[in-house]
Amino acid sequence: RPWDPMVDYQMMSRFVRGFSSLMRADKPTVVKIHGYCIAGGTDIALHADLMVTAADAKIGYPPTRVWGIPAAGLWAHRLGDQRAKRLLFTGDSITGAQAADWGLAIEAPSPADLDGRTEALVARIAAMPVNQLIMAKLAANTALYQQGVVTSAMVSTVFDGIARHTPEGHAFVDDAREHGFREAVRHRDEPFGDYRRKASDV
């Protein structure tokens, strides 16, 4: 069937609205990352107020190489334009430790300490009066709203649909149909030298 970009936008916007409920929630939201937080997983994680990640986690958006643009549109808001472009222009991923160094994560403990450190942080937050937390979150989020996070999400969601319907996007789907999704991803990523690399190899 002919592709309708606005039908695509309506569908993807429903996902983004769901993810953004983490940002819009009255109370603080904290994500804990271990293993891989890739592609759509980052759309969820970047909407949270705080991110705690294992030092060896792998975080990124490889589909920018072909067949995707981060629909949430939050990378530049969270990392600044140059670091966001560094990741989105290459599809490269970073470790949890690098995410903490870059300010994307609040901390990056060892995998063995991840649960304890996250629970300790959440307990400290929970010790605050709820009304104070709501006011602090609204005040802090004002800066993100003034930066235009809603507009970024709208544009990025439209571009995500377009990215899946470029000649390269259709070729990726054809490759996946013929050889399987894993092989298509291998064909996409092998030229970058990072197919199936562990986060610690990044």
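User: In this predicted model, is Glu 107 buried or exposed, and what is its relative accessible area?

Analyst: The cut-off for buried is under 20% relative accessible area. Glu 107 falls under that limit in this predicted model, so the residue counts as buried, with a relative accessible area of 19%.

User: With which residue does Glu 107 form a salt bridge?

Analyst: The closest N and O atoms of the pair are 2.5 Å apart, and Glu 107 itself sits in the loop between helix H5 (96–101) and helix H6 (114–126). The partner lies in helix H6, ten residues away in sequence, and is partly exposed, at 40% relative accessible area. That partner of Glu 107 is Arg 117.

User: How many residues apart in sequence are Asp 194 and Arg 65, whose side chains meet in a salt bridge?

Analyst: The N to O distance of the bridge between Asp 194 and Arg 65 is 2.6 Å, and both residues are buried. Asp 194 belongs to the segment after helix H10 (181–189), whereas Arg 65 lies in the loop between E4 and H3. The bridge thereby links distant parts of the chain, and the separation is 129 residues.

User: Which residues are linked with Asp 194 and Arg 65 in a network of salt bridges?

Analyst: A search of the whole structure finds 14 salt bridges, and Asp 194 and Arg 65 share one of them. The network that holds this pair also takes in Arg 86, Asp 92, Arg 188 and Asp 189.

User: Which helix holds both Arg 177 and Asp 174?

Analyst: The side chains of Arg 177 and Asp 174 meet in a salt bridge of 3.9 Å, N to O. Arg 177 counts as exposed because its relative accessibility is 68%, and Asp 174 counts as partly exposed at 45%. The two residues are three places apart, about one turn of the helix, and both lie in helix H9.

User: Why is the ring pair of Trp 67 and Phe 172 classed as it is, and what is that class?

Analyst: Planes under 30 degrees apart count as stacked and those over 60 as edge-to-face, with the rest in between. The ring centres of Trp 67 and Phe 172 are 5.5 Å apart and their planes stand at 35 degrees, so the pair is tilted.

User: Which residue joins Trp 67 and Phe 172 in one aromatic cluster?

Analyst: Phe 172 counts as buried at 6% relative accessibility, while Trp 67 counts as partly exposed at 31%. Phe 172 has an edge-to-face partner whose ring centre is 5.9 Å away, with the planes at 85 degrees. That partner completes the cluster, and the residue is Phe 181.

User: Which elements give two or more residues to the largest nonpolar core?

Analyst: The core has 28 residues, and those touching the most other members are Ile 33, Met 51, Ile 59, Trp 75, Ile 94 and Leu 104. Beyond its neighbours within four places in sequence, Trp 75 is in contact with residues including Leu 46, Ile 59, Leu 87 and Leu 104. The elements in question are strand E1 (30–33), strand E3 (50–53), helix H3 (75–79) and helix H4 (81–88).

User: Which helix holds Ile 162, a residue of the nonpolar surface patch?

Analyst: Ile 162 forms the patch with Trp 3, Met 154, Val 155 and Phe 159, and together they have about 440 Å² of accessible area. Ile 162 is itself partly exposed, at 36% relative accessible area, and lies in helix H8.

Note on methods. Residues numbered from 1 in each chain as written. Predicted model: local features only at pLDDT ≥ 70, side-chain atom pairs only at ≥ 80, totals over all residues. Heavy atoms only, no water. Core = buried A, V, L, I, M, F, W, Y, C linked by side-chain atoms within 4.5 Å. Buried < 20%, exposed > 50% of the residue type's maximum accessible area, 1.4 Å probe, protein only. Helix = DSSP H or I, 4+ residues; strand = E, 2+ residues; numbered from the N terminus. Contact = heavy atoms within 4.5 Å. Patch = residues over 30% accessible without salt bridge, like charges linked within 9 Å, V, L, I, M, F, W, Y side chains within 5 Å. Areas by Shrake-Rupley, 256 points an atom, 1.4 Å probe, with all protein chains shown as cover. Salt bridge = Lys/Arg side-chain N within 4 Å of Asp/Glu carboxyl O. Phe/Tyr/Trp six-rings, centres within 6.5 Å; stacked < 30°, edge-to-face > 60°.
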